[in-house]
Amino acid sequence: MPLKYWNNRISPIVVSLVGCSNSGKTTLLEKLIQSLKDKGYRVGTVKHHRGAFELDIPGKDTWRHAQAGADVVALATPGGLGIIRKLQQEPSLKDITDYMSGVDIVLVEGIKKGSQPKIEVVRSDISSAPVCSLEDLTAVVTDLPLTLDIPVFDLNKIEQVADFIEDRFLKQEMIPKPVERLTAEQLKRYHRNIKLPGVGQEGQIKLLNSSVLVVGAGGLGSPVSLYLAAAGIGRLGLADEDSVDLSNLQRQIVHATGDIGRSKVESARDKLTAINPDVQIEIYHQRITADNVDQILNSYDLVVDATDNLESRYLLNKACIEAKKPFIYGGVLSMVGQVMTILPGQGPCFRCIFREGPSEKAVKSTADVGILGAVAGTIGCLQSMEAIKCLLNRGNLLVGRILTMDGLSMSFQEVEICRDPECPDCGHLK
């Protein structure tokens, strides 16, 4: 299941669960959290409490820090971080959610004030009708047979409530709005792109309305995603099942030391968002497999191979051919790298060249023979250039040509390759 992180929200969507005391708001909230998490969303919660708040029980270290007069106290553990800040007045809901930028939605329990959407829980043994005016409510969840002018959901069918929240609020944010003209900020941000021959404002708008799936967020995926985001590709998908390791940082420049242990796609997402908030990002913390490849790549215009194994390349190559999606292959090892662009039906595919993979004993990895970070950087930059050219329909693509770089001799060699009519992946194409 992809983690859905759309529009790079600084402030997440906020929905309040309201109702009488003991109506079951907390129970509903618990079930909604699990349901929305199962759908792939990041969920935050806010509980309004009228009493005093203490970070820890009396006598504990953090309690003593606060009692001594510390204005801010943080409790850091391997599994979480809690921060308490002394305030002069009660914070607004906006003040609270400003601290929660890493989630898609915040479910609030017990705050009726404000313009945020509100869903009331009406339980028959507590009340017989909503206590809030219908004008202030978005929906009602109840065990009563109520007929109202707003959606009413059965208290025992929480999945329907979760679906409603997703359709009404989250999916609306997920649908990219086509860019029709550039804003003043975009004109300045993309000025160097716009000045390029054959690009102009029309070409930049085309990039902003394009989407690219980058499979792999490592040595190749780092430069690919960084340059695609900077160029203004409107929507980027990042797929990788791995987490950041110290050994990655020698070449995987989208990650930093502080990211060690984090999922690569989350780490990369944060850097890309910081570079260009125009870009919408969807992350997939999972391996691309035969079971999910079609579903994932179908919503993208182009796929970039930033993987490190033949199995994934064969899988992506075949899926892109079937879906008629451009596929930018890249591979690196030691001081050598390769790039090729595959346009289904217009030139050879990856399997035309590499019909059968080498034996397991013959396969070498960067862990075996090493890799110079700059080699991955160079090949990744070439891949991003090919992707942008393809999306703009500009220049000569590496179709039917495989470009090989030898970093040690600093030489490039281009080899022309023809389609194999007997290729099991693309031979059936006319």
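Two residues are in contact here when heavy atoms lie within 4.5 Å of each other. With that in hand, welcome to this predicted model.

## The whole protein

The protein holds 14 helices and 16 strands. Its C-alpha atoms fill a box of roughly 75 × 55 × 50 Å along the principal axes. Of its 430 residues, 47% count as buried. Contacts often reach across the sequence: among those between residues at least 6 apart, 64% join residues at least 24 apart.

## The sheet of eight strands

One open sheet has eight strands in the order E11-E10-E9-E12-E13-E14-E15-E16, and its pairing is mixed. At the edges stand strand E11 (280–284) and strand E16 (411–416), each of which pairs on one side only. On average, neighbouring strands in this sheet are turned by 15° against each other, direction ignored.

Helix H14 (373–392) lies across strand E9 (211–215), E12, E13, E14, strand E15 (401–406) and E16. The direction of H14 makes about 175° with that of E13. Another helix, H9 (residues 264–275), lies across strand E10 (235–239) and E11, and runs at about 170° to E11.

Strand E9 is a good place to pause. Is E9 mostly covered or uncovered? Strand E9 is mostly covered, as five of its five residues are buried. On one side these are Ser211, Leu213 and Val215, and on the other Val212 and Val214. Strand E9 runs parallel to E10, and five bridges join the two. Within this pair, Ser211 stands opposite Arg235 of E10.

Further along the sheet, strand E12 (residues 302–305) pairs with E13 in the parallel sense over two bridges. Here Val304 has Ile328 in E13 as its bridge partner.

## The sheet of six strands

A second open sheet has six strands in the order E2-E5-E1-E6-E7-E8, with parallel pairing. Strand E2 (43–47) and E8 are its edge strands, each pairing on one side only. Neighbouring strands in this sheet are turned by 25° against each other on average, direction ignored. Helix H1 packs on the sheet and touches E1, E2, strand E5 (105–109), E6 and E7. The direction of H1 makes about 170° with that of E5.

Strand E6 (residues 118–122) and strand E7 (residues 139–142) pair in the parallel sense over four bridges. In this pair, Val122 has Thr142 of E7 as its bridge partner.

Thr142 turns up again in the surroundings of Val152, which touches Val140, Thr142 and Leu146, not counting residues up to four places away in sequence. Val152 itself is found in strand E8 (residues 152–154). Val152 counts as partly exposed because its relative accessible area is 30%, and partly exposed means between 20% and 50%. Between the C-alpha atoms of Val152 and Tyr99, 53 residues apart along the chain, the separation is 32 Å.

## A helix and its neighbours

Helix H7 (residues 200–208) has Gly200, Gly203, Gln204, Ile205, Leu207 and Leu208 buried. What do the buried residues of H7 pack against? Their partners are helix H5 (184–189), helix H6 (191–194), helix H8 (221–231) and H14.

## Two loop residues with positive phi

Most residues other than glycine have a negative phi. The table shows two residues that have a positive one.

| Residue | Phi | Loop | Relative accessible area |
|---|---|---|---|
| Asn22 | near 65° | between strand E1 (13–19) and helix H1 (25–38) | 69%, exposed |
| Ser334 | about 60° | between E13 and E14 | 27%, partly exposed |

## The second largest pocket

About 1,200 Å³ of space lies in the second largest pocket. Which elements give two or more residues to its lining? They are helix H11 (310–323), strand E13 (327–333), strand E14 (336–342) and helix H13 (366–369). The lining has 45 residues, and those nearest the centre of the pocket are Thr307, Asp308, Asn309, Arg313 and Val332. By class, 20 lining residues are nonpolar, 15 are polar and ten are charged.

Methods
Residues are numbered from 1 along each chain as its sequence is written. This is a predicted model: local features need pLDDT of at least 70, side-chain atom pairs count only at pLDDT 80 or more; totals for chains, interfaces and linings use all residues. Side-chain values use heavy atoms; hydrogens and water are left out. On a 1 Å grid over the protein atoms alone, a cavity is a set of points where a 1.4 Å probe fits but cannot get out, and a pocket is an open set with protein on both sides within 12 Å along at least five of seven lines; lining residues have an atom within 4 Å of a point. Grid points are joined across faces, edges and corners, and a volume is the space filled by probe spheres set on the points. Ala, Val, Leu, Ile, Met, Phe, Trp, Tyr, Cys and Pro count as nonpolar, Asp, Glu, Lys and Arg as charged, and the others, Gly among them, as polar. Buried means under 20% relative accessible area, exposed over 50%, partly exposed in between (1.4 Å probe, protein chains only). Two strands pair if DSSP finds at least two bridges between them. Axes are lines fitted to C-alpha atoms, for helices over the stretch in contact, and angles run from 0 to 180 degrees between N-to-C directions.
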